[in-house]
Amino acid sequence: MEEKTYSMPRIGDKAPEFKAVTTQGNINFPADYSGSWVILFSHPADFTPVCTSEFITFASLEKKFNEANCKLVGLSVDGLYSHIAWLRTIKEKIEYKGMKNVEVNFPLIEDITMEVAKTYGMLQPGESSTKAVRAVFFIDPKGIIRTIIYYPLSLGRNFDELYRVLIGLQTADAFSVALPADWRPGDDVIVPTAGSCGVAKERMENKTEMKCYDWFFCTKKLDKEDVFKTVLKK
Ligand code: BEZ
C-alpha cells in the first residue's frame, strides 16, 4: 500500500481539520474554536520532566491567555489514560517554582495513531520518530495559522515569548501596523511603508507625528493602555 504523504502546514494556511479525543471530551478542530485564538501545542511524552514543567506553567497562565481571547489545546502521541494519570500526578504531587495543586483544564489530545502529529508536522524524525517535538501553532479566530514555533525535545518553551507573540499578532491586526524587533506593548510600532513619493517626502520632512529612520522605515507611538484596551477589552 502506498504510504500517505503529509505536507507541513505553513503560516497563512487554513489550520488542518481533525476530530480528536481529549481529556476534556471530543473536539472538532478548529471548528469548535471559531471566534477565538487558539494555541495548539505538542509535547513529546507524558511523565517527562520538561513537559511537566511546561504543563504546570501553561495551566498557571491559562487565565491570562483566555483573557486575550485565546484557548489552549495540547497534544502528545500518548493515550487518554496516560494523559489522565499524568495530569492527576501534576495536580496531586508536583510543586514547581511555587506553582502547586495545578489543575490542567484545557484539553490534552490523545494521538496514539500520530495522525494529528503527522498532519501538523509535529513529528520530525531527525529529532525523534516516536515523540512529537515541541510545536506551537497560533491559529486566529478565522482558523488561519498565523505563527509556528518549533522547539526541540530538550528545551522548554519560553512562555513570555508565547504571550508576546499572541498580543503582537492581535495588535498588528487591530492597529494595521507591524512590530519591530523585541517589541513589547508600549513600544513604538511600524507604520506601513510610504506608498507614494509625496508621502515619503512628507514623512522625511518631519511633517507628521512619526519618527522616520528613512522614508521606508517610520514608527509611531502606541500606548500600552490602548493595546490592552483593544486586545484585552480592558
Ligand atoms: C522531557 O519532557 O523532559 C523530555 C521529553 C522527551 C525527551 C527529552 C525530554
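**View 1. Helix α1 of the predicted model is kinked, with the bend centred on Leu-61**. The kink amounts to about 50°, the bend at a residue being the angle between axes fitted to the seven residues ending there and the seven starting there. Helix α1 comprises residues 49-67, 19 in number, and spans 28 Å from its first C-alpha to its last, close to the 27 Å expected at 1.5 Å a residue. Helices are DSSP runs (H or I, at least four residues) and strands likewise (E, at least two), numbered from the N terminus. Just after α1, Asn-69 adopts a positive phi of about 55°. This is a predicted model, in which local features need pLDDT of at least 70 and side-chain atom pairs count only at pLDDT 80 or more, whereas totals for chains, interfaces and linings use all residues. Residues are numbered from 1 along each chain as its sequence is written, and side-chain values use heavy atoms, with hydrogens and water left out.

**View 2. Buried residues of α1 and their cover**. Among the buried residues (under 20% relative accessible area, 1.4 Å probe, protein chains only) are Cys-51, Phe-55, Phe-58, Glu-62 and Phe-65. Their cover includes strands β3 (37-42) and β4 (70-76) and helices α2 (80-93) and α4 (159-175).

**View 3. The ligand and its surroundings**. Residues around the ligand (a heavy atom within 4 Å) include Pro-44, Lys-131 and Leu-153; α1 gives the most to this shell, with 3 residues. Ligand oxygen atoms lie 3.2 Å from a polar backbone atom of Pro-49, 2.8 Å from one of Cys-51, and 3.1 Å from a side-chain N or O atom of Arg-134. The protein covers 79% of the 260 Å² of accessible area (Shrake-Rupley method, 1.4 Å probe) that the ligand has on its own.

Definitions and conventions. The expected span of a helix is 1.5 Å times one less than its number of residues. Buried means under 20% relative accessible area, exposed over 50%, partly exposed in between (1.4 Å probe, protein chains only). Contact means heavy atoms within 4.5 Å. A polar contact is a pair of N or O atoms within 3.5 Å; within protein, one must be able to donate a hydrogen and the other to accept it, and residues adjacent in sequence count only if both atoms are side-chain atoms.
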